[in-house]
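Biologist: I am new to this structure and should be grateful for a close look at a single helix. Please begin with its surroundings and then place it in the wider picture.

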Amino acid sequence: MDKKLTIKNGKNKIRESSVFYTVNTIILVIISLVCFLPFLNVLSVALSSAGFQINFKPEGFTLYNFKYVFQDVAFWRAMGVSFLVVICGTALSVIVMFAAAYALSKRDFPCRKGLMVFFIIVMIFSGGMVPNFLVVKTLGLNQTPLALILPSVVQVYNLILIKSYLEGLPGELEESASIDGANNLQIMFKVLLPMSMPCVASVSLFTAVTLWNNYTSALLYLGTAEKWYPLSLYILNYINSQPDILSGTMEVIQ
Amino acid sequence: MSSRKNKLTLVDKTKKYKSLIPFVIPAVLFALVFSYLPMVGILIAFKDHPNFLRYEVFEAFSKSKWTLANFEKLFSDPDILKYIGNTLIISVMKIVILFPLPVILAVMITELRSKKFSKLVQGLVFLPHFFSWVVIVGIFNNIFGMYGPINNIGSALGMDPVHFMGEPGWVRWLVVILSGWKEIGYSSIAYIAAIMSIDPALYEAAKIDGAGKFKQIWKITIPSIMPTIIVMLIIRIGYLMDAGFEQVYAMLNPNTLETGEIIGTYVYRLGFLAGSTDYGLSTAVGLFNGVISLLLILGANYISKKKTGNGVW
């Protein structure tokens, strides 16, 4: 009697968990579709002729939109600016943050605590848009692509990530390198940087994505210097001026 | 040995790491110039209409009078109060509606049995995070557009088409929906990591005791990741005054300013758009926002550290 009951109970459990598993899978498929379908829609819009109602497949298939966008000189220029900003900005930011993290990862580095507070303040408080703009303007950086790179060099969160990664590395390699006569710069580039590749790679990815997507700096600092507009701001202006199929095409390309 | 280490004086430390000091200097300089120098510029909030368009920065600064009028206006102008209200409403909507969803998603993803399917789902739900707000707003302009899929489905069901992006009544909901679509997947990473680190023996024991799936989730998974949930919630509340400038600015149009304008976009409009420029007021509003945010973040971090032992720093 007792035994039968447990078996029956066990069967119920198995049935319950397989129902749970099926329902769970179905809901996750729906969620994945919700995440994916908007991209399908914009792709369809980009491949369609004007004047159709478009859901998730192209209507009146055409490559005209792509051709049009690819022939647009301003589009390529914006793309070039974006690449320039992402490559230079990421390299500069990651190297500067890595160097600082290297120094700050030493427990006995002078004023270590004070310097960390100094950087954390940067993370949680800012002068605001107008003062930021005035500093950039006073330095003569406004209307130049440097305004898209230099103000975002200090990424405190990345500094903290790299610093804690370096603190976790074994110190022996660094020591033996310095016994072999390597200076700090050599240690940083030849020992620590290769050893912390996983961390540096993910931090670089974050920084690159942030720089590629960011349009606020361009909006604030570039003013009328349209030749330096990055792709994000170029598309935003395009969407605002003529919300049609072509903007969809640009989004696909991005 | 270790006690001697702690007793190193500043001079000893400096001697020991003399050659490392240049490594921290570039970062300090960048922070001083691009973050601390603007903080001095906050003084502009106490100036009466400085004209930076006409004069050089320092000349414009010294030519304008000191005043508290900007702050008086900040606390009395009905428009500004409305925008502060919009900011709070949008932020609270985002927290109440969106905060629990990544937790649920993480639980669901970790309950999947097939590793491949789980990776696929994770890939798809993380994807939107990597796109610019500009692109996402553009995509949803189509989706919610007059001839987009949503209105197509609506008209198939016999409803009148709605111009969602231009309706003051819809804009806050759309801000929440788009923000959720972009960030829920990515926010679930922290919870997925937390769930992965739960000891599987707990679930084995629960199964032997005859606990079903829901009971296991409710009694083991959720309590185990509660510290993570609490830290995330406190940090999120710390950013209450930030309703998302990049998102909202890309979404707003003249029709939806009334219900959609937030402090960030208003500060931008006052400081940078021709016709309504008022640098003093813009800086004052920004300062007000910044100070409240600072207090909230410091408070949140303090509570988080005290309650759970973890903070952002």
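**A helix and its setting**

Modeller: In chain A, the buried residues of α10(A) pack against four other helices, namely α3 (73–104), α7 (156–168), α9 (184–195) and α12 (231–241). This is a predicted model, and what follows should be read in that light. The residues of α10(A) that are buried are C199(A), V200(A), V203(A), T207(A), L211(A), W212(A) and N213(A). A residue is called buried here when 20 or more other C-beta atoms lie within 10 Å of its own. The helix itself runs over residues 197–213 of chain A. Its 17 residues should span 24 Å at 1.5 Å a residue, and the end C-alpha atoms are 24 Å apart, so the expected and modelled lengths agree.

The rest of chain A gives this helix its context. The chain holds 13 helices and zero strands, so that α10(A) belongs to an arrangement in which one helix follows another along the sequence, as the pattern α-α-α-α-α-α-α-α-α-α-α-α-α shows. Of its 254 residues, 39% count as buried. Among contacts in chain A between residues at least 6 apart in sequence, 67% join residues at least 24 apart.

Two loop residues of chain A deserve a remark on their backbone. Most residues other than glycine have a negative phi. C111(A), however, has a positive phi, near 55 degrees; this residue sits in the loop between α3 and α4 (112–124) of chain A. Q143(A) also has a positive phi, near 70 degrees, and its place is the loop between α5 (129–138) and α6 (146–149) of chain A. With 15 other C-beta atoms within 10 Å, C111(A) is partly exposed. Q143(A) has 17 such neighbours within 10 Å and is therefore partly exposed.

Confidence in chain A is given by a mean pLDDT of 86, with 88% of the residues scoring at least 70. Over residues 1–5 of chain A the pLDDT stays under 50, and the model has zero contacts for them beyond four places in sequence. Where pLDDT is low, the predicted coordinates should not be read in detail.

Chain A touches a second chain, and the contact takes 68 residues from chain A and 69 residues from chain B. On the side of chain B that touches chain A, helix α3 (residues 21–40) of chain B gives the most, with 12 residues. By class, that side of chain B has 45 nonpolar, 17 polar and seven charged residues. For the complex, the predictor gives an ipTM of 0.84 and a pTM of 0.84.

Chain B comes to 17 helices and zero strands. Its radius of gyration is 25 Å, well over the 20 Å that the globule rule gives for 313 residues, so chain B is more spread out than a compact globule. Along its principal axes, the C-alpha trace of chain B spans about 80 × 80 × 35 Å. Buried residues make up 34% of the 313 residues. The mean pLDDT of chain B is 88, and 97% of its residues reach 70 or more.

A helix of chain B may be set beside α10(A). Helix α6 of chain B covers residues 78–98; its 21 residues should span 30 Å at 1.5 Å a residue, and its end C-alpha atoms are 29 Å apart, which agrees. I80(B), Y83(B), I84(B), N86(B), T87(B), I90(B), S91(B) and K94(B) are the buried residues of α6(B). These buried residues cover an arc of only 150 degrees around the axis, which puts them on the same side of α6(B). An α-helix has 3.6 residues a turn, so residues three or four places apart point the same way. On the other side of α6(B), P78(B), L81(B), G85(B) and V96(B) are exposed. The buried residues of α6(B) pack against α5 (69–76), α11 (168–196), α15 (257–260), α16 (263–272) and α17 (279–308) of chain B.

One further residue of chain B is W66(B), which is found in the loop between α4 (57–63) and α5 of chain B. W66(B) counts as exposed, with 8 C-beta neighbours inside 10 Å. Leaving aside residues up to four places away in sequence, W66(B) touches F46(B) and K47(B).

Methods:
Residues numbered from 1 in each chain as written. Chains lettered and ligands numbered in written order. Predicted model: local features only at pLDDT ≥ 70, side-chain atom pairs only at ≥ 80, totals over all residues. Contact = placed C-beta atoms within 7 Å. Nonpolar A, V, L, I, M, F, W, Y, C, P; charged D, E, K, R; others polar. Expected span 1.5 Å × (residues − 1). Buried ≥ 20, exposed ≤ 12 C-beta atoms within 10 Å, placed from the backbone. Rg over C-alpha atoms; globule rule 2.2 N^0.38 Å. pLDDT = per-residue confidence, 0-100. Arc of directions from axis to C-beta.
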